[in-house]
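The exercises below are to be worked through with the sequence and the coordinates at hand. Each begins with a task and is followed by a solution in steps.

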Amino acid sequence: AKRAGGNTYALFESHMNAGAARQLALQSDLRHARARGQLSLHYQPKFDGERSQIRGVEALMRWKHPDHGNVPPNVFIPMAERFGLIKELGDWVIDEACRQMRAWDEQGMRMRVAINLSVHQLRQEDLVDRVQSALGRHEIEASRLLCEITESIAMEDIEVTQRAFEGLRRIGVFLSIDDFGTGYSSLSYLRKLPAQQLKIDRSFIQDLETSRDARAIVDAVVKLAHALDLKVVAEGVETEGQRDILLALQCDELQGYLFARPMPASDLLDWASGHNP
Ligand code: C2E
Ligand code: CA
Ligand code: CA
Ligand code: CA
């Protein structure tokens with residue numbers, strides 16, 4: 001092993017290069033992904049507390065690369081943000097989510113859809129116009145669209161977020177603060193944002209059964225949210241134990257693998273007919 005010292009470095013270096021080269025190739029492929037029809041949205045249902053009804057779905061972007069298969073959003077979204085592609089992808093998501101809502105309407109399934117917004121989209125001067133024109137194009141009421149913005153991003157530049165939120169709210173879109181608990185929001189910032197929903201980060205949900213602290217935090221977040229007239233959603237619910245605790249703590253909506261994984265639009269219709277009598 002000692003003798004391999006020099007080789008180890010070479011190996012490490014070649015790994016680094018492979019990584020960088022792959023990144024570069026992926027980045028250039030991402031530029032064409034939309035035009036080549038490699039992007040899609042998967043939809044993950046959210047349930048009300050009793051799990052008896054679907055409250056809506058969250059749209060999650062998928063990229064099926066011809067050679068590498070599915071590239072996770074945690075890889076390609078930051079890449080798109082770095083290379084100036086996120087606005088184009090984000091616009092596509094807005095339009096596609098509205099188009100899909102209309103398609104489901106025509107199949108007799110009235111769904112509300114949540115989309116995820118990047119900070120780069122919040123900074124877009126014409127974000128509100130783009131959302132409004134997508135809604136108009138597909139004849140969707142604004143109140144059926146929910147925009148999720150990650151807490152840490154929302155609080156990075158509170159003025160940008162506030163302006164975007166107010167614009168979106170003015171046209172009737174609903175707003176959710178995602179991954180709540182992972183950022184460092186001060187409560188006064190929270191009050192400044194016209195949001196309707198807080199989504200508690202999965203890390204707290206994961207620890208609910210084993211950590212009294214996690215439970216205390218979730219309890220406090222639910223009470224805070226309700227005091228501010230916000231609905232609370234728990235993401236990443238995987239066990240019945242977690243579900244039971246969340247119900248006992250009065251969490252309004254639940255989402256996670258325990259109920260359903262994100263799925264293609266075509267599957268959701270079948271799936272929902274089995275779950276929404
Ligand atoms: P997110 O918005 O927090 O979405 C939740 C993520 O958790 C999704 O991962 C979802 O598939 C996963 N998840 C849901 N339930 C469970 C569960 O019970 N257990 C576990 N372990 N995971 C669960 P996904 O689809 O890989 O997306 C990752 C992140 O990528 C999203 O986190 C979001 O920040 C970002 N993203 C996805 N689609 C978009 C998009 O269209 N636009 C933007 N800007 N970001 C997106
Ligand atoms: Ca989200
Ligand atoms: Ca989330
Ligand atoms: Ca999360």
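**Exercise 1. Polar contacts of the ligand**

Which residue has a polar side-chain atom that lies 3.1 Å from an oxygen atom of ligand 1? Add the contacts made by the nitrogen atoms of ligand 1, and state how far the protein covers the ligand.

Solution. The model is a predicted one, and the distances are to be read with that in mind.

Step 1. The residue sought is Asp178, whose polar side-chain atom is placed 3.1 Å from an oxygen atom of ligand 1.

Step 2. On the nitrogen side, an N or O atom in the side chain of Gln44 is 3.0 Å from a nitrogen atom of ligand 1, while for Met61 it is a backbone N or O atom that lies 3.0 Å from a nitrogen atom of the ligand.

Step 3. Taken on its own, ligand 1 has 800 Å² of accessible area, of which the protein covers 84%.

**Exercise 2. The shell and its origin**

Describe where ligand 1 sits and which secondary-structure elements supply the shell around it.

Solution. Step 1. Ligand 1 occupies the largest pocket, and 22 residues are around it, with Gln44, Met61, Arg62, Glu238 and Tyr257 coming nearest.

Step 2. At least two residues of the shell come from each of strand S2 (54-65), helix H2 (73-82) and strand S6 (174-180); S2 gives the most, with four residues.

Step 3. Sorted by class, the shell consists of nine nonpolar, six polar and seven charged residues.

**Exercise 3. The calcium site**

Identify the protein donors of the calcium ion (ligand 2), and then find the residue that bridges this ion and the calcium ion (ligand 3).

Solution. Step 1. The donors to ligand 2 are Glu58 (OE), Asn116 (OD1), Glu148 (OE) and Asp178 (OD), at 2.2 to 2.3 Å from the ion.

Step 2. Along the sequence, these donor residues follow the spacing E-x57-N-x31-E-x29-D.

Step 3. Asp178 is the bridge between ligand 2 and ligand 3, two calcium ions that lie 3.7 Å apart.

Step 4. Distant parts of the chain are linked here, since Asn116 belongs to strand S4 (residues 113-116) and Asp178 to strand S6, 62 residues apart.

**Exercise 4. Backbone angles**

For Asp179 and Gln250, give phi and the place of each residue.

Solution. Step 1. Asp179 is in strand S6, and its phi is near 50°, a positive value in a residue other than glycine.

Step 2. Gln250 is found in the loop between helix H11 (240-248) and strand S9 (253-254), with a positive phi near 70°.

Technical notes:
Residues numbered from 1 in each chain as written. Chains lettered and ligands numbered in written order. Predicted model: local features only at pLDDT ≥ 70, side-chain atom pairs only at ≥ 80, totals over all residues. Heavy atoms only, no water. Near = heavy atom within 4 Å. Polar contact = N/O pair within 3.5 Å; in protein donor to acceptor, adjacent residues only side chain to side chain. Areas by Shrake-Rupley, 256 points an atom, 1.4 Å probe, with all protein chains shown as cover. 1 Å grid on protein atoms, 1.4 Å probe; cavity = no way out; pocket = protein on both sides within 12 Å on 5 of 7 lines; lining within 4 Å. Sits in = over half its atoms within 2 Å of the grid points. Nonpolar A, V, L, I, M, F, W, Y, C, P; charged D, E, K, R; others polar. Donors = N, O, S within 2.8 Å, 3.2 Å for Na, K, Ca; no water.
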